[in-house]
Amino acid sequence: KLSGARDFFGLSDAREGSVRLHQDADLYATLVDGDEKVAFEPRAGRQIYIHVVRAQAQVNGQPLAAGDAMKLTGGDNKVRIEKGRGAEILVFDLAQ
């Protein structure tokens, strides 16, 4: 589950008023600015794809700017997003 400033966009089970995705995938959108921090710890056996839509932020300590992406697989696929400057970020939680 994504913690911090976030919105559900599309979820496989349409919980919390999200759009239902007919795939084994969840999509989250988050805005990160200044000292805000967002953390995401996916279930075991998932792969995570992060796309920076606008501005810039650090994802797991790596600076990313608009258009950049990061893919996380394997045992350590936890996500930490911080040091945003008006960043709009999509987090895809996908089956492997």
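# Exercises on an all-strand predicted model

At 5% relative accessibility, Asn 77 counts as buried. The exercises below concern a predicted model.

## Exercise 1. The setting of Asn 77

Determine where Asn 77 lies in the chain and which residues surround it.

Solution. Begin with the position: Asn 77 belongs to the loop between E9 and E10. Next, classify its exposure. The cut-off for a buried residue is under 20% relative accessible area, and Asn 77, at 5%, is therefore buried. Then consider its side chain, which reaches the backbone oxygen of Arg 46 at 2.7 Å. Finally, list the contacts beyond four places in sequence: Asn 77 is in contact with Pro 42, Arg 46, Gln 47, Ile 48 and Leu 72.

## Exercise 2. Overall architecture and confidence

State how many helices and strands the chain has, and how the confidence varies among its elements.

Solution. The chain contains 0 helices and 11 strands, and its elements run β-β-β-β-β-β-β-β-β-β-β from the N terminus on. Of the 96 residues in the chain, 33% are buried. Turning to contacts with a separation of 6 or more, 57% are between residues 24 or more positions apart. The accessible surface amounts to about 5,500 Å², and 48% of this belongs to carbon and sulfur atoms.

As for confidence, the mean pLDDT of the chain is 82, with 76% of the residues at 70 or more. Strand E1 (residues 2–3) has the lowest mean among the elements, 48, whereas strand E8 (residues 62–65) has the highest, 98. Where pLDDT is low, the predicted coordinates should not be read in detail.

## Exercise 3. An aromatic pair

Classify the pair formed by the rings of Tyr 28 and Phe 40 as stacked, tilted or edge-to-face.

Solution. The structure holds 2 aromatic pairs. In the pair considered here, the ring centres of Tyr 28 and Phe 40 are 5.3 Å apart and the planes stand at 55 degrees. Planes under 30 degrees apart would count as stacked and those over 60 as edge-to-face; the pair is therefore tilted. The two residues come from distant parts of the chain, with Tyr 28 in strand E4 (residues 25–32) and Phe 40 in strand E5 (residues 38–40), 12 residues apart. Both Tyr 28 and Phe 40 are buried.

## Exercise 4. The largest nonpolar core

Identify the core residues that touch the most other members and the strands that supply the core.

Solution. The largest nonpolar core has 17 residues, and those touching the most other members are Ile 48, Ile 50, Val 59, Val 79, Ile 81, Ile 89 and Val 91. At least two residues of this core come from each of E4, E5, E6, strand E7 (56–59), strand E9 (69–72), strand E10 (79–82) and strand E11 (87–95). Val 79 may be examined further. Apart from neighbours within four places in sequence, Val 79 is in contact with Val 38, Ala 39, Phe 40, Ile 48, Ile 50, Val 59, Asn 60 and Leu 72. In soluble globular proteins, nonpolar side chains tend to be buried together.

## Exercise 5. Positive phi outside glycine

Compare the location and exposure of Asn 60 with those of Lys 83.

Solution. Most residues other than glycine have a negative phi. Asn 60 nevertheless has a phi near 50 degrees, and Lys 83 has one of about 55 degrees. Asn 60 is placed in the loop between E7 and E8, and Lys 83 in the loop between E10 and E11. With a relative accessible area of 22%, Asn 60 is partly exposed, while Lys 83, at 53%, is exposed.

## Exercise 6. Arg 85 and His 51

Establish the exposure and the contacts of Arg 85 and of His 51.

Solution. Arg 85 lies in the loop between E10 and E11 and is exposed, at 62% relative accessibility. Outside four places in sequence, Arg 85 is in contact with Val 32, Asp 33, Ala 55 and Gln 56. The C-alpha atoms of Arg 85 and Glu 36 are separated by 9.8 Å, although the residues are 49 apart along the chain.

His 51 is in strand E6 and is partly exposed, with a relative accessible area of 23%. Beyond four places in sequence, His 51 touches Gly 67, Asp 68, Ala 69, Glu 88, Ile 89 and Leu 90. From His 51 to Lys 71, 20 residues away in sequence, the C-alpha separation is 8.9 Å.

How values were computed:
Residues numbered from 1 in each chain as written. Predicted model: local features only at pLDDT ≥ 70, side-chain atom pairs only at ≥ 80, totals over all residues. Heavy atoms only, no water. Phe/Tyr/Trp six-rings, centres within 6.5 Å; stacked < 30°, edge-to-face > 60°. Helix = DSSP H or I, 4+ residues; strand = E, 2+ residues; numbered from the N terminus. Buried < 20%, exposed > 50% of the residue type's maximum accessible area, 1.4 Å probe, protein only. Core = buried A, V, L, I, M, F, W, Y, C linked by side-chain atoms within 4.5 Å. Contact = heavy atoms within 4.5 Å. pLDDT = per-residue confidence, 0-100. Polar contact = N/O pair within 3.5 Å; in protein donor to acceptor, adjacent residues only side chain to side chain. Areas by Shrake-Rupley, 256 points an atom, 1.4 Å probe, with all protein chains shown as cover.
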